[in-house]
Number of protein chains: 4
Amino acid sequence: MNSSIKDQIEQFKQRYQNRGRLLVSCPDQPGIVSAISQFLFSYDANIIESSQYSINPEGGVFFIRIEFECPFLKEKENEMAEQFTEIAAKFSMDWRLTPVYKVKKTAIFVSKELHCLLELLWEWQSGDLMTDIALVISNHQAARDVVEGLNIPFYYIPANKEIRDQVEEKQLHLLEEFDIDVIVLARYMQILTPKFVAANPQKIINIHHSFLPAFIGARPYERAYERGVKLIGATAHFVTNDLDEGPIIEQDIARVDHRSEVDTLKKMGRSIERSVLARAVKWQLEDRIIVHQNKTIVF
Amino acid sequence: MNSSIKDQIEQFKQRYQNRGRLLVSCPDQPGIVSAISQFLFSYDANIIESSQYSINPEGGVFFIRIEFECPFLKEKENEMAEQFTEIAAKFSMDWRLTPVYKVKKTAIFVSKELHCLLELLWEWQSGDLMTDIALVISNHQAARDVVEGLNIPFYYIPANKEIRDQVEEKQLHLLEEFDIDVIVLARYMQILTPKFVAANPQKIINIHHSFLPAFIGARPYERAYERGVKLIGATAHFVTNDLDEGPIIEQDIARVDHRSEVDTLKKMGRSIERSVLARAVKWQLEDRIIVHQNKTIVF
Amino acid sequence: MNSSIKDQIEQFKQRYQNRGRLLVSCPDQPGIVSAISQFLFSYDANIIESSQYSINPEGGVFFIRIEFECPFLKEKENEMAEQFTEIAAKFSMDWRLTPVYKVKKTAIFVSKELHCLLELLWEWQSGDLMTDIALVISNHQAARDVVEGLNIPFYYIPANKEIRDQVEEKQLHLLEEFDIDVIVLARYMQILTPKFVAANPQKIINIHHSFLPAFIGARPYERAYERGVKLIGATAHFVTNDLDEGPIIEQDIARVDHRSEVDTLKKMGRSIERSVLARAVKWQLEDRIIVHQNKTIVF
Amino acid sequence: MNSSIKDQIEQFKQRYQNRGRLLVSCPDQPGIVSAISQFLFSYDANIIESSQYSINPEGGVFFIRIEFECPFLKEKENEMAEQFTEIAAKFSMDWRLTPVYKVKKTAIFVSKELHCLLELLWEWQSGDLMTDIALVISNHQAARDVVEGLNIPFYYIPANKEIRDQVEEKQLHLLEEFDIDVIVLARYMQILTPKFVAANPQKIINIHHSFLPAFIGARPYERAYERGVKLIGATAHFVTNDLDEGPIIEQDIARVDHRSEVDTLKKMGRSIERSVLARAVKWQLEDRIIVHQNKTIVF
């Protein structure tokens, strides 16, 4: 990593040393917010941001994300987590408590088309994606120069259908070695096996170059052109075993017209893909996404 | 029709008595624009607006739409049309020459949900849709009051699968009787037979309440909700025999999030449907649309 | 009011008889959310929706809006309000507790251009604006038919600079008589005196037909045309004594180009004005807006 | 320049060796299109794209942009230009005939904030801005590495009010030396003298970080924050002697809310500035812009 980015990360860690995030989902009932906020208050924590949502308020599911500032968080966090299990048990909560200073580690997978990777690196350098980009994995050499220019380890792992298992073994090994939290498929263009997906639940974000569920699968821009649509789009989603069927995180579109040939669609699409993927990754890094069934709640 | 709308139409006819539109498609080659513009100049016509487009400039297809002002158009239009056949033959043109003062006659088909109908009537009353709304046909009584309140003939024709043929016979009869140019399905919700469609080629505009080709068919908002999309949309298209597969004229979308339940999607969707359909109808009334294969060129 | 709208309102009151909203602003400090949520829990209230925001979390200002469902709210609401004063005093809160079943009363002021009024009536009839439109006041007769057609009292009060004081006296009298909560200037086009404004603090919503602070004052579309802008807009804001300087609630824009003449800008602008104003009014009716200094927080 | 970009430019020149553009403005009258299209046809030119516009069709001003493919353009272009003067004289035309293979030379001025420069370089490397970026001039060293890394000459010319004349002399000298067609102020942040502006009429494109005419002048994001706007924007315009008052080429906006602090506005604004400036520069390079009085016609 470049020293200026290292500095940025260090400053961030310092500035947010007492900042924590609590994400909870549980059956809805009165008293949840009261219990959580009393708990936080008992640790002198100040709630900075709080978002909640209920599916069918009566007898449904409750979700909350709280960002708080808590003096001496580092000293308290283990105790807090331990104590919170009681509340969690009482309300049957799924939950996670993440200290913000523990900057997440990201791996980016890329193929030959670099626009999504470049956008992520750009946002990262300007401090808009707070993460440690630990490594880039590619089945092509195209990204090597730019990645290594930023002092990020680059792993060239040629890939194709026939050697999928070996390739993924190497990749899984690297992900473990680097202790990766977030995996971004920045137009990686290779299908992942159920084994790989199962090993990384709700960790893999993919960018699909269409407005899902339109144009699932290959060659979406060509098919959009043939269908004569007046808008094209892109979709960032978590990867599950069903191709392009995982929980959608973000989508966006751009207006096109009869003059827009396939090349123009691709060019415009690249710009949408870049921003849609960057937003999805940013939200994941900020613990803003809860997956419920096959949907996302983005706080 | 209300007298104020009648006045509007009369004023329009007067103001644009010398305005004509020429739409042409033909194999591309040098000299087309030159031939057409010389032709118009020979009738003292001044080109007011002109848009053109070529698919594959070399050896492809050429499209042009010209709006012109021609003194004494009414006296000249028959001769112009006759004379133009020579040029048309030379360049193998498909073409039409429409005097703007011949205001098009529109039939609106509607069911129980009135938002699209109301939008069209609204835009029509404010002078934004220049047409003679000759009649409204519905399989429900819901629209009667508002339609008859504007002195537009309202025909209640109950419809269902079993009696489709009889129903369409009545409808076709009315369309002929009123000499209809444009048929708008403003959420009519009944499937048309190939016979009906064949009798009205490129005349029927439908609004589909999804971003096609996503969610073709029934219950698109429910399915959008289940899929967890972050944008919903609507599509105006010409009706062909393949359900929701006709040439797309216009599409638009709105942003939704996890809080948006099916009812919210429908509510937001209604607003998109209204504006998308109104734009498509407007373009058709202004002769801005050329259908080429299964796509539209909108000038 | 039409009976169908009356029915809608009655159903709404029934459905939300136990729904309340609590809006609070106060100096930020730890413990606020805990105190509020414990308070609500002590009345068996379930928090349905909650949004909060802090300006400068440390030592700044804290804002929260909570929507809750509380069994037997009608029986409890007075006691709740009374009891809450203690918490309010402790944290120096500005606050309001509004039961949702107390449907707000709205007065609409309009002049000759009816598009904003019509949009509000439309949204109101489709159940999207939950309010009792108690009366419409106008300095022209143009709106009379449509307003009275919906059984809403219509007051024709001619207005001009010279008789401003008398006019406003009549208007204030009507507002008091009808016990009005929200005043909407739906393109009313008359300037209000400081006296009128002072009598209705944060109650008057105006739609300005430009993207403020661009084109403050008269003839914004003409001036937008002359300046050659590529986007036009509209702004809904609370009325204060400084013309077009009050807290902005909502804004939106549309893309235009060199072809767009003043008339086109006005036509497109009408559509933006309609939706921007409707959104602002809806948020006000749902108690989503807190004014802080000269800005709005919209939850 | 990098060799890969050099290759791109060479391929472009080769591919469009016979492509020309004709831009005309003149008093409107019948026969203009006919005369121009006959002229082009007489050189065997095929019209590929054509856009026109009239202000006040009767007795107003007529504008047209034609892109054509003409075999052996290089051999014919001088004769064509010479012959066209006759038509131009007859219709009192302002006009220019530009062969597409003559790739325009661009100078970019930049200060410390690099996002606009980086976007232009990015689009340029991906082939979306067809130009020869001949040099970058800056009053800071911040851009040196990235510019020189692409083998583009970088000139560091410190600047401030006191030495404005000397600074501009150096700059003008460089512009002349490099035979520059387009000057882009990519957040240059220095005011130019009337002398500099007069020497480069309709050649200088600036990006202003607000939605003009709102927030003319300094610190627009701070002022947008203070005013509490709900949308922020950016504007690309030609530079004239009146600060931020030149003809607007393009504008865009993004939605913000009460949570958006000044830093967020700046961050979001950077993204709008990037795309707005890139579009404006692209249009200028493609000869799509005609300036008429203080407005642009963008074809």
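**Entry 1: the two domains of chain A**

I started inside chain A, where 13 residues of domain 1 are in contact with eight residues of domain 2; contact here means heavy atoms within 4.5 Å. Before going on, a note on the model: it is predicted, so local features need pLDDT of at least 70 and side-chain atom pairs pLDDT 80 or more, while totals for chains, interfaces and linings use all residues. Residues are numbered from 1 along each chain as its sequence is written, chains are lettered from A and ligands numbered from 1 in the order in which they are written, and side-chain values use heavy atoms, with hydrogens and water left out.

For the bounds, I have domain 1 of chain A at 17–99 and domain 2 at 105–298, taken from an automatic or database domain assignment. Their C-alpha centres lie 31 Å apart.

Next I looked up the area. Domain 1 and domain 2 of chain A bury about 840 Å² between them, with 53% of it on carbon and sulfur atoms. Buried area is the accessible area (1.4 Å probe) that two parts lose on being put together, summed over both. On the domain 1 side, Arg21(A), Phe63(A) and Arg65(A) supply 45% of what that domain buries against domain 2, more than any other three residues.

Which residue does Arg21(A) form a salt bridge with? I find Asp287(A), with the closest N and O atoms 2.9 Å apart. The rule (a side-chain nitrogen of Lys or Arg within 4 Å of a carboxyl oxygen of Asp or Glu) finds three salt bridges across this domain interface. I also get six residue pairs in polar contact there, both at pLDDT 80 or more. A polar contact is a pair of N or O atoms within 3.5 Å; within protein, one must be able to donate a hydrogen and the other to accept it, and residues adjacent in sequence count only if both atoms are side-chain atoms.

The strands β1 (19–27), β2, β3 (61–69) and β4 (94–99) of chain A each supply at least two residues of the domain 1 side. Of the elements, β3(A) gives the most to that side, with five residues. Helices (H or I, at least four residues) and strands (E, at least two) are DSSP runs, numbered from the N terminus. By class I count seven nonpolar, one polar and five charged residues on the domain 1 side. For the classes, Ala, Val, Leu, Ile, Met, Phe, Trp, Tyr, Cys and Pro are nonpolar, Asp, Glu, Lys and Arg charged, and the others, Gly among them, polar.

**Entry 2: chain B against chain A**

Here the contact takes 33 residues from chain B and 33 residues from chain A. I get about 3,000 Å² buried between chain B and chain A, and carbon and sulfur atoms give 52% of that. Arg227(B), Lys230(B) and His258(B) supply 24% of the area chain B buries against chain A, more than any other three residues.

How many salt bridges are there between chain B and chain A? The count is six. In one I looked up, Arg227(B) meets Glu245(A) at 3.8 Å, N to O. The polar contacts come to 21 residue pairs, both at pLDDT 80 or more. β11(B) gives the most to the side of chain B that touches chain A, with seven residues. That side has 15 nonpolar, seven polar and 11 charged residues.

Then I checked the symmetry. A turn of 180° with a shift of 0.0 Å along the axis lays chain B on chain A with an RMSD of 0.0 Å, by least squares on the C-alpha atoms of residues with pLDDT of at least 70 in both copies. In chain B, the C-alpha nearest the axis is that of Ala214(B), 2.2 Å from it. The same surface serves both copies, as 100% of the contact residues of chain B recur in chain A.

**Entry 3: chain A against chain C**

For this pair I noted 21 residues from chain A and 21 residues from chain C. They bury about 1,700 Å² between them, 53% of it on carbon and sulfur atoms. Pro30(A), Asn46(A) and Gln52(A) supply 28% of the area chain A buries against chain C, more than any other three residues.

The rule finds zero salt bridges across the interface of chain A and chain C, and I get two residue pairs in polar contact, both at pLDDT 80 or more. Both α2 (32–42) and β2 (46–55) of chain A supply at least two residues of the side that touches chain C, and β2(A) gives the most, with seven residues. By class, that side of chain A has seven nonpolar, nine polar and five charged residues.

A rotation of 180° with 0.0 Å of shift along its axis superposes chain A on chain C, RMSD 0.0 Å. The two copies are thus related as by a two-fold rotation axis. I also see that 100% of the interface residues of chain A are interface residues in chain C, so the copies meet through the same surface.
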